Amino acid sequence: MTRAPANLLAVRRLLLDHLNIDPDTVRSDDLEPAEVGIVGDPNHRGGYHCGSDRVVTNDYSVVESTRDSSGLTLDAAGLDVGLFRARSGGSTHDLYTFSTWCVAQCVANTPDSRDLREIIYSPDGKVVRRWDRLRRRTTGDDSHLWHTHFSFFRDSIRAGRDQTPLFRRYLTTIGLLEDDMPLTDADQPIIRAAVHSTQIGRTGVTFGQVLDQMRLLPGQVEALRAELTQLAARDFTDEPAIIQGVLAGLTPEKIAAAIPDSLARQVADELARRLAA
């Protein structure tokens, strides 16, 4: 019989751990366990919430992509996420901002979103939209006004590929999860440039203080990105997803590359002055 795969159960656990503030109490703002579903009810036939025992003839979740037909097993490949509201970093985040953020990542084709075939969602609780990687469908029923559906290509489920990175990145972006990623070799040129452009020897700023500032920069950019996400979600057209797609490619490195050298030195000097104060 259709079963819930371990990689989608891990996503479910991650969301409940961080969006259900008080598991012992039913609160309207919390994401409750009953609101995060993987396997369809016993009468459910066809679609990504079903495994091989429940698919139907010419089931779109099987026949429209070789990624699905080659990956069909008893595992379901769908995830539903219900209503929630969370305050973090001075902003309010909910199912609608979460959904538009996820769609934007798909539009931008971020590496951690490429196993998603479709998202059926509402950007505002008033209209239903559908992002489809295969560009087959654009609509969904009204139940998606209060829950968002994610379909994963079945081959990624069969392979047991970790599906938490996208959702972990969302939780990190809105400040509900700490970013514990260490600096890598790729960060070294950026660090050296920052050290060179600051007046470390003269001001007494330590190398460790520069590293601390480097670690804060991605979080500051993500906070700005989250605020813009909320503004974008207020539109009633597909522009929010387009805006989000642009923002998804906005990295600290790209921002730094766009700043003129003379201004970059002034900013670095000012940071050094403040750190030394």
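The exercises below work through charged side chains in a predicted model.

In this predicted model, local features need pLDDT of at least 70 and side-chain atom pairs count only at pLDDT 80 or more, whereas totals for chains, interfaces and linings use all residues. Residues are numbered from 1 along each chain as its sequence is written, and side-chain values use heavy atoms, with hydrogens and water left out.

**Exercise 1.** Determine how many salt bridges there are, and describe the one between Arg27 and Asp30.

*Solution.* Start from the criterion, which asks for a side-chain nitrogen of Lys or Arg within 4 Å of a carboxyl oxygen of Asp or Glu. Applying this rule gives 12 salt bridges. In the bridge between Arg27 and Asp30, the closest N and O atoms are 2.7 Å apart. For burial, use relative accessible area, where buried means under 20%, exposed over 50% and partly exposed in between (1.4 Å probe, protein chains only). Arg27 counts as partly exposed because its relative accessibility is 32%, while Asp30, at 1%, counts as buried.

**Exercise 2.** Locate the partners of the salt bridges Asp155 with Arg67 and Arg161 with Asp115 along the chain.

*Solution.* Helices (H or I, at least four residues) and strands (E, at least two) are DSSP runs, numbered from the N terminus. Asp155 and Arg67 meet at 3.0 Å, N to O. This pair links distant parts of the chain, with Asp155 in helix H5 (residues 154-158) and Arg67 in helix H3 (residues 66-69), 88 residues apart. Asp155 is partly exposed at 23%, and Arg67 is likewise partly exposed at 22%.

Next, the side chains of Arg161 and Asp115 meet at 2.8 Å, N to O. Arg161 lies in the loop between H5 and helix H6 (164-173) and Asp115 in the loop between helix H4 (95-107) and strand E5 (116-121), so the pair ties together parts that are 46 residues apart in sequence. Arg161 is partly exposed at 36%, whereas Asp115, at 12%, counts as buried.

**Exercise 3.** Which side chain of opposite charge is nearest to Arg154, and which backbone oxygens does the side chain of Arg154 reach?

*Solution.* Place the residue first: Arg154 lies in helix H5. For charge, Lys and Arg count as positive and Asp and Glu as negative, with His and the chain ends not counted. Arg154 is buried yet has no salt bridge, and the nearest side chain of opposite charge, that of Asp68, is 4.7 Å away. Turning to the backbone, the side chain of Arg154 reaches the oxygen of Gly47 at 3.1 Å and that of Cys50 at 3.0 Å.

Definitions and conventions: A polar contact is a pair of N or O atoms within 3.5 Å; within protein, one must be able to donate a hydrogen and the other to accept it, and residues adjacent in sequence count only if both atoms are side-chain atoms.
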